[in-house]
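Here is a friendly walk through one protein model, from paired charges to hidden spaces. Keep the structure open beside you as you read.

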Amino acid sequence: MRFETLSIHIGNQITDSTRPVVQPITLSTTFEHGNGKMLYSRANNPNRQSLEELLAALEKGEDAAAFASGNAAGTAVYQALPPGSHIVAPDDMYHGLHNSMVQLFAGIHEVTFVDMSNLEEVKKAIRPNTRLFWVESPSNPLLKITDIRKISELAKAQGAILACDNTFATPVFQNPIDLGADIVMHSSTKYFGGHSDILGGALITKVKDAFWEKIRIVQRVGGAVPAPMDCYLLCRSIRTLAYRMKGHVEHATILAEFLMNHPKVEKVFYPGLKSHPGHEIAASQMTGFGGIVSFTVKGGAEAADLMVSKLHYFANATSLGGVESLIERRAAVEGPNSKTPPNLLRVSVGLEHTDDLLEDLAQALG
């Protein structure tokens, strides 16, 4: 099956004798002994099983584990590492998982943050106890591109695990397992959900090995699992993922090109632009460049905030991946220790008509 067909059929497992076209929601927290499949909903649930099988198929992995949030999914990888492990991670990455590394695992693991788009910096960061390379490509919010194939070579030589946060690209545009990753992570809150109304996360593994079993233990025993309703809604939303992503990337490209030519804009970050330093690598490992555009506004943070306050169709809100356009000044959200430029605005480009979005940006920029 091709991607679009997988999206519609794999996550829709019908066991009801009345043969509904859509899989029902199973809300029971417990199941009768002897059924051979389910025991307790923290361990498994029919809707979660359907979602996990769907995610594994879309990311070309052997298995998947669904979590209650993207942070819970990423944190499960860190929890599964042996104490004293060293992690090489991006200096530009989602701040929630960055905080998880430095706050929850301080004294348990060591982390070195580097520019993952610079292979020499990555090589210098490797230590004898390096056990995990964490990649985010495109990165959040500067949209840096990491050569996943080359990081995979370094990880294999080190005997380490390569995990890739594929939230921005989605499996529509990028399959990290095909590029050498061992584990793929998603905040399913974003494009998988697609409507800003579901919280979730997921991990997909290339093989079901001993490390993956540790992650499964974290999932089952820790219990940070999604509810049946969330799993049902995610399976429903993923049915339209391929078509939504085509619209997101088309609209993001149009907005990026508009911003590139605006006199009030200092710099545009979008890997689909040929001027982007990671464009060639992105083109070699992605079939589309995603729906996120970041840009800096001339005049600093004050000018950026003023511009945002004048917008009508872009909600000044955190998160991304929904059908509606969102914008936020990331440094203000990330806090005083943020390394993001204070005048940088990150845009999750939605599926509104592009003429309306361009007119709105034009009037707000003045």
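Let us begin with a charged pair. Glu-328 and Arg-330 are both buried, where buried means under 20% relative accessible area, exposed means over 50%, and partly exposed is in between (1.4 Å probe, protein chains only). This is a predicted model, in which local features need pLDDT of at least 70, side-chain atom pairs count only at pLDDT 80 or more, and totals for chains, interfaces and linings use all residues. Residues are numbered from 1 along each chain as its sequence is written, and side-chain values use heavy atoms, with hydrogens and water left out.

**Salt bridges**

Side chains of opposite charge can pair when their charged atoms come close. A salt bridge is counted when a side-chain nitrogen of Lys or Arg lies within 4 Å of a carboxyl oxygen of Asp or Glu. That rule gives 14 salt bridges here. Three of them are set out in this table.

| Pair | Closest N to O |
|---|---|
| Glu-328 and Arg-330 | 2.5 Å |
| Arg-330 and Glu-334 | 3.5 Å |
| Lys-123 and Glu-120 | 3.5 Å |

Arg-330 and Glu-334 are 4 residues apart in helix H13 (residues 330-334), so about one helical turn separates them. Helices (H or I, at least four residues) and strands (E, at least two) are DSSP runs, numbered from the N terminus. Like Arg-330, Glu-334 is buried. Elsewhere, Arg-48, Glu-52, Asp-63 and Arg-216 are joined into one network by salt bridges that share partners.

Lys-123 and Glu-120 sit in helix H5 (residues 119-125); because they are 3 residues apart there, about one helical turn lies between them. Are these two buried or partly exposed? Lys-123 has 40% relative accessibility, so it counts as partly exposed. Glu-120, at 46%, counts as partly exposed too.

**Spaces in the model**

Rolling a probe the size of a water molecule over the atoms shows where empty space is left. The search uses a 1 Å grid over the protein atoms alone: a cavity is a set of points where a 1.4 Å probe fits but cannot get out, while a pocket is an open set with protein on both sides within 12 Å along at least five of seven lines. Lining residues have an atom within 4 Å of a point. Grid points are joined across faces, edges and corners, and a volume is the space filled by probe spheres set on the points.

The largest pocket holds about 390 Å³ of space. Its lining has 17 residues, and Asp-91, His-98, Asn-337, Ser-338 and Lys-339 are the ones nearest the centre. Helix H4 (residues 95-104) gives the most to this lining, with 3 residues.

How many cavities of 30 Å³ or more are there? The count is 2. The largest cavity has a volume of about 70 Å³, and its lining includes Gly-11, Tyr-232 and Arg-239. Helix H9 (residues 228-238) supplies the largest share of that lining, 4 residues. The second largest cavity, of about 40 Å³, has Pro-90, Asp-91 and Lys-144 among its lining residues. Asp-91 was also named for the largest pocket.

**Unusual backbone spots**

Most residues other than glycine have a negative phi, and most peptide bonds are trans. Which bonds here are cis? One runs from Ser-137 to Pro-138, with omega near -5 degrees. Another runs from Asn-140 to Pro-141, with omega near 15 degrees. Pro-138 belongs to the loop between strand E4 (130-136) and helix H6 (148-158), and Pro-141 is also in the loop between E4 and H6.Lys-60 is not a glycine, yet its phi is positive, at about 60 degrees. Lys-60 lies in the loop between H2 and strand E1 (63-67) and, at 49% relative accessibility, counts as partly exposed. Ser-319 also has a positive phi, near 90 degrees. The loop between strand E10 (315-316) and strand E11 (326-329) holds Ser-319, which is partly exposed with a relative accessible area of 24%.

**A buried cysteine**

To finish, look at strand E5 (residues 161-165), where Cys-164 has its place. With a relative accessible area of 0%, Cys-164 is buried. Cys-164 and Val-297 are 133 residues apart in sequence, and their C-alpha atoms are 30 Å apart in space.
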